[in-house]
Amino acid sequence: MADVAGNSMSPSNAFDLGAFVCDLTVEEDLNGDDISLEGLQQELEECKNDEVVANILSKGTKLRDYTKGVENDLRKVELDSIQDYIKESDNLVSLHDQIRDCDNILSHMETLLSGFQAEIGSISSDIKILQEKSMDMGLRLKNRKVAESKLAKFVEDIIIPPRMVDILVDGEVNEEYMRTLEILSKKLKFVEVDTMVKASKALKDVQPELEKLRQKAVSKVFDFIVQKLYALRKPKTNIQILQQSVLLKYKYVVNFLKEHGKEVYNEVRAAYIDTMNKVLSAHFRAYIQALEKLQLDIATSNDLIGVETRSSGLFTRAWEPLKNRSAVFALGDRINILKEIDEPALIPHIAEASSTKYPYEVLFRSLQKLLMDTATSEYNFCDDFFGEQHMFYEIFSGPFGVIDEHFNLILPNCYDAIGLMLMIRIIHQHQLIMSRRRIPCLDSYLDKVNISLWPRFKMVFDMHLSSLRNASVKTLWEDDVHPHYVMRRYAEFTASLIHLNSEFGDGQLELNLERLRMAIDDLLIKLAKNFTKAKLQTVFLINNYDMTIAVLKEAGPEAGKIQMHFEELLKSNTALFVEELLQEHFNGLIKFVKAKSSEDPTLSPDKPVTIAEVEPLVKDFASRWKAAIELMHKDVITSFSNFLCGMEILRAALTQLLLYYTRLSDCIKRIPGGSALNKDLVSISSIMYEIRKYSRTF
């Protein structure tokens, strides 16, 4: 076999399988009938890559010989193996004995393990039984704990400890008492709500005692609360401090009554409402009476824009005089009340000690401020202490009535339009304050006051308007060109209302102010016509318009429309006065310039302008122009109450004079031989110098 294996075929010794097969002689192998060569070619193809087969084929060895060789080799190997076995027989016998011993040992171990397995199965069964018993015991323990917990809670909720009875029956109403009340409340709710408790036998024993305790607690806390409420009626009691520091500490007492003593709670509630209603009503009544002593009367039905100021008859007004009667119409410092809108209310006895008097809007703000603060405190207290906001309106029905009664007496006798408008603005500011506080309890009251103020303001405003429309010109007229007191009243009154309307833009008020302006325009024209000279009429109008504009400017840019109207009137009347003033001193010059200056002498041969016609005008102007300007200056100074306005008018007049004289000079230059008058002409620079001299005084 080694030889066969060693003689491996090389590529050079490759043989032709087909040729070799064809050379095989198989006569010796055809002895048997069962031999078939079918498929031999395929098998040879499959075995051509086998190394042994390929070696045999390559040497041309016959298969029979090769087979015999192989059989001999096998027989030899067998004999060698038998000899080796015989040599190792002792070892094999020993190995056999060892195997038998191991088999015995393993058999014994198998027996032990089988017994151990049986024991483990038995233990597993026992463990399973123990586990089931443990789970059952755990479930029963859990159920018992739940039952114990519920039973303990039931017992705790239903029993009445002796200490609890002692506190509720004999104890004082304090923090401990209120804690005990909370426990009692829980027990009462427990027996009332739970249907299973109601069916329990234990309740039959406890319920009568609980009811007795409830009745005793209700009776005791009722007496306690009523006693505290009576303290509110004592004079000079600070109600808010008593509410916050005393009553609120016991608000659970009221809550207990509300839940477990409804009838008694209603009595407490009614007692509190009655007490606070009377106390606050008396408080506001006393405060109003004290405020009335501080009131400064501003206006009566006769204090109207178009009413004559001079007293007539035996009876005169019996109110406290003002330092300045224009305060009836001028806003002045009264506007400060809106800046002090959230200041504390007046303390009457302090103000009375200083003998200080106040316009009604100051007292009105103070009263409304006190009402707001008191209402805010009471509204919050009712919500915190009783848990009811609506009862506030029952409490304040009395104070509202007292304030309404006072207001209904004051309002019909109030003829102070500025004060009424201030009160309207005060109410608006107070509405904003209450809105920021988020307290709605005064909404309807403040709306009602606001609604009552507007018609009264409209009525008083219409009285002022009617006083202008129906004014007696004969009575009001004074032979004085300075601003008329009626016009000053109008200007101050209008400026005041414009200022108060600046942040609100009330269209109805603006419409009324326009109606008032039309009325004063008509009245002022009628008063001006009483002057015999047109110049005096113009001066009168200018002075009044100028004064009105100055007052309206103080009201700010909101007065723009009305102010613009008077500025247009001032402008037109100023131009008219300038012409009248110049015609008074330079009538001939102005007539000539207006008639002839636009004509060219060379183009009008029928009526040429001659030197003889112009010379008197030139010489007259040269002889007295400075004196005339001085007279104009004195005239302006005495005619116009506003120096600045007068100087503006004088400057306008001198400028117009310069224009007229310039046109005259131009006309002379166009006249043939006009240069002969140059020696008499006043130079333009001289006139300009004079104008600048008067401008410096301005």
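# Exercises on a predicted model

N573 lies in helix 25, which covers residues 560-596. The model is predicted.

**Exercise 1.** State whether N573 is buried or exposed, and list what N573 touches beyond its sequence neighbours.

Solution.
- Step 1. The relative accessible area of N573 is 10%.
- Step 2. Buried means under 20%, so N573 is buried.
- Step 3. Leaving out residues up to four places away in sequence, N573 touches T538, L541, I542 and Y545.

**Exercise 2.** Find which residues have the most contacts inside the largest nonpolar core, and follow the contacts of Y272.

Solution.
- Step 1. The largest nonpolar core has 183 residues.
- Step 2. Y272, L442, L453 and F586 are the residues with the most contacts inside this core. Helix 16 gives the most to the core, with 14 residues.
- Step 3. Helix 16 spans residues 360-386.
- Step 4. Neighbours within four places in sequence aside, the contacts of Y272 include E378, F381, C382 and F386. Y272 is also in contact with L229, L232, Q243, M391 and I395.

**Exercise 3.** Locate V264 and describe its surroundings.

Solution.
- Step 1. V264 belongs to helix 13, residues 262-292.
- Step 2. V254 is ten residues from V264 along the chain, and their C-alpha atoms are separated by 9.7 Å.
- Step 3. Not counting residues up to four places away in sequence, V264 touches V218, F222 and L257.

**Exercise 4.** S355 and R438 each have a phi angle of a given sign; find the sign and say where each residue lies.

Solution.
- Step 1. Most residues other than glycine have a negative phi.
- Step 2. S355 is not a glycine, yet its phi is positive, about 60 degrees. R438 is not a glycine either, and its phi is positive at about 60 degrees.
- Step 3. S355 sits in the loop between helix 15 (348-353) and helix 16 (360-386). R438 sits in the loop between helix 19 (417-437) and helix 20 (443-469).
- Step 4. Exposed means over 50% relative accessible area. S355 has 61% and is therefore exposed. R438 has 75% relative accessibility, so R438 is exposed.

**Exercise 5.** Determine how many disulfides the structure holds, and compare the accessibility class of C102 with that of C667.

Solution.
- Step 1. A disulfide is a covalent bond between the sulfur atoms of two cysteines.
- Step 2. The structure holds zero disulfides.
- Step 3. C102 is partly exposed at 44% relative accessibility, whereas C667 is buried at 1%.

**Exercise 6.** Identify the residues of the nonpolar surface patch and the helix that gives the most to the patch.

Solution.
- Step 1. The patch is formed by Y85, L92, L95 and I99. Together these residues have about 390 Å² of accessible area.
- Step 2. Helix 6, residues 89-158, gives the most to the patch, with three residues.
- Step 3. L92 lies in helix 6. Its relative accessibility is 31%, so L92 counts as partly exposed.

**Exercise 7.** Work through three salt bridges, giving for each the N to O distance and the separation along the helix.

Solution.
- Step 1. Side chains of opposite charge can pair when their charged atoms come close. The structure holds 24 salt bridges.
- Step 2. R140 pairs with D136, and their closest N and O atoms are 3.3 Å apart. Both residues lie in helix 6, four residues apart, about one turn of the helix. R140 is partly exposed at 43% relative accessibility, and D136 is partly exposed at 40%.
- Step 3. E514 and R517 meet in a salt bridge of 2.6 Å, N to O. Because they are three residues apart in helix 23 (residues 507-528), about one helical turn separates E514 and R517. R517 is buried, with a relative accessible area of 10%.
- Step 4. R651 forms a salt bridge with E648, the closest N and O atoms being 3.0 Å apart. R651 and E648 are three residues apart in helix 27 (residues 643-670), so about one helical turn separates them. R651 is partly exposed at 33%, and E648 is partly exposed at 37%.

**Exercise 8.** Name the residues that are linked in a network of salt bridges.

Solution.
- The network links D342, K369, D373 and R437.

Notes
Residues are numbered from 1 along each chain as its sequence is written. This is a predicted model: local features need pLDDT of at least 70, side-chain atom pairs count only at pLDDT 80 or more; totals for chains, interfaces and linings use all residues. Side-chain values use heavy atoms; hydrogens and water are left out. Helices (H or I, at least four residues) and strands (E, at least two) are DSSP runs, numbered from the N terminus. Buried means under 20% relative accessible area, exposed over 50%, partly exposed in between (1.4 Å probe, protein chains only). A nonpolar core is a set of buried Ala, Val, Leu, Ile, Met, Phe, Trp, Tyr and Cys residues joined through side-chain atoms within 4.5 Å. Contact means heavy atoms within 4.5 Å. A disulfide is a pair of cysteine sulfur atoms within 2.5 Å. Patches are made of residues with over 30% relative accessible area and no salt bridge: like charges are joined within 9 Å, nonpolar side chains (Val, Leu, Ile, Met, Phe, Trp, Tyr) within 5 Å. Accessible areas come from the Shrake-Rupley method with a 1.4 Å probe; for residues, only the protein chains shown count as cover. A salt bridge is a side-chain nitrogen of Lys or Arg within 4 Å of a carboxyl oxygen of Asp or Glu.
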